[in-house]
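Here is a small set of exercises to work through with the sequence and the coordinates open side by side. Try each task on your own before reading its solution.

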Amino acid sequence: MSVTPRKSSERGAADMAVPCRQYSWTPEVHDLYGDPESILRKVDALNMELAERRIFVLLTESEGHAQLRFFEQVEGKKYAISAWSGESLDGVGGAIGDTILKNKGINCVGEQVRGLLARFPMVSPTTVPAPANARAAFAHTIRAHGEDTFMRATFALLC
């Protein structure tokens, strides 16, 4: 089953909520490499402020295995997580960076990235409570690549 990205009108900076304007102007993308436990130790050192973000994305890649997780705050402090798995992300990490640059903080960067990811047939979202921290949000997906696997994890912290 795939999820069609929600259609949203293009919103200018004046129409966006204050947090969306702030984070659309200051998104972050982190690429971390190593085995899953090394990546998780690095994640622990980052202050990702996930509870303050409406949309964030995790991309994981290892030889022949790729995963995408799209997190969106849906009600209160709950998040819907849409997921995709396959063999390759075909450069989508770099495309997210390009999308952020082209957006220039003007429109909601989370909605712009949602459009970019529409080519991935994601399964229906699962709703979960807000993660306590980045390890709680991402560890299961990162560890799914295998204990001694060299991999890349990309964290796109959007709006």
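**Exercise 1. A glycine in a loop**

Is G64 buried or exposed? Then find what surrounds G64 in space.

*Solution.* Bear in mind from the start that this is a predicted model.

Step 1: Place the residue. G64 sits in the loop that links β2 to β3.

Step 2: Check the accessibility. The relative accessible area of G64 is 55%, and the cut-off for exposed is over 50%. G64 is therefore exposed.

Step 3: Look for partners beyond four places in sequence. With those neighbours left aside, G64 contacts G86 and E87.

Step 4: Add a backbone distance. The C-alpha atoms of G64 and S88 are 6.6 Å apart, although their positions lie 24 residues apart along the chain.

**Exercise 2. Two positive phi values**

Compare E49 and D90: in which loops do they lie, and how accessible is each?

*Solution.* Step 1: Begin with the backbone. Phi of E49 is near 50°, which is positive in a residue other than glycine. Phi of D90 is also near 50°, again positive in a residue other than glycine.

Step 2: Locate them. E49 belongs to the loop between α2 and β2, while D90 belongs to the loop between β4 and α3.

Step 3: Classify them. E49 has a relative accessible area of 38% and is partly exposed. D90 reaches 58% and counts as exposed.

**Exercise 3. An arginine out of the solvent**

Explain why R53 is classed as buried, and list what R53 touches.

*Solution.* Step 1: R53 is in the loop between α2 and β2.

Step 2: Its relative accessible area is 1%, and buried means under 20%. R53 is therefore buried.

Step 3: Search for a polar partner. The side chains of R53 and E28 are joined by a polar contact of 3.4 Å.

Step 4: Collect the other neighbours. Beyond four places in sequence, the residues that R53 touches include Y23, M48, Q73, Y79 and C159.

**Exercise 4. Laying out the sheet**

Work out the strand order of the sheet and find its edges.

*Solution.* Step 1: Take stock of the chain, which has 5 helices and 6 strands. Along the sequence they follow the pattern α-β-α-β-β-β-α-α-β-α-β.

Step 2: Order the strands. The 6 strands make an open sheet, β1-β6-β2-β3-β4-β5, with antiparallel pairing. The edges are β1 and β5, each of which pairs on one side only. On average, neighbouring strands are turned by 20° against each other, direction ignored.

Step 3: Zoom in on one pair. β1 and β6 run antiparallel and are joined by 7 bridges; G34 stands opposite M151 in β6.

Step 4: Add a helix. α3 packs on the sheet, where it touches β1, β2 and β6, and its direction makes about 150° with that of β2.

**Exercise 5. The inner side of a helix**

Which residues of helix α2 are buried, and what covers them?

*Solution.* Step 1: Look at the start of α2, where a side-chain oxygen of D35 comes within 3.1 Å of the backbone nitrogen of E37.

Step 2: Pick out the buried positions of α2 (residues 36-45): P36, S38, I39, L40 and V43.

Step 3: Recall the helix geometry. An α-helix has 3.6 residues a turn, so residues three or four places apart point the same way. P36, I39, L40 and V43 are among the buried residues to compare with this rule.

Step 4: Identify the cover. The elements over these buried residues include β1, α5 and β6.

**Exercise 6. Two cores**

Find the largest nonpolar core and the elements that supply at least two residues each.

*Solution.* Step 1: Consider burial overall. Of the 159 residues in the chain, 43% are buried.

Step 2: Describe the core. The largest nonpolar core has 21 residues, and V57, L68, L89, L117 and L158 have the most contacts inside it. At least two of its residues come from each of β2, β3, α3 and α4.

Step 3: Follow one member. Beyond four places in sequence, V57 touches R69, F70, V113, L117, T154, F155, A156 and L158.

Step 4: Find the other core. A second, separate core has 20 residues, including L32, A134, F155 and L157.

Definitions and conventions: Residues numbered from 1 in each chain as written. Predicted model: local features only at pLDDT ≥ 70, side-chain atom pairs only at ≥ 80, totals over all residues. Heavy atoms only, no water. Buried < 20%, exposed > 50% of the residue type's maximum accessible area, 1.4 Å probe, protein only. Helix = DSSP H or I, 4+ residues; strand = E, 2+ residues; numbered from the N terminus. Contact = heavy atoms within 4.5 Å. Polar contact = N/O pair within 3.5 Å; in protein donor to acceptor, adjacent residues only side chain to side chain. Pairing = 2+ DSSP bridges. Axes fitted to C-alpha atoms, helices over the stretch in contact; angles between N-to-C directions. Core = buried A, V, L, I, M, F, W, Y, C linked by side-chain atoms within 4.5 Å.
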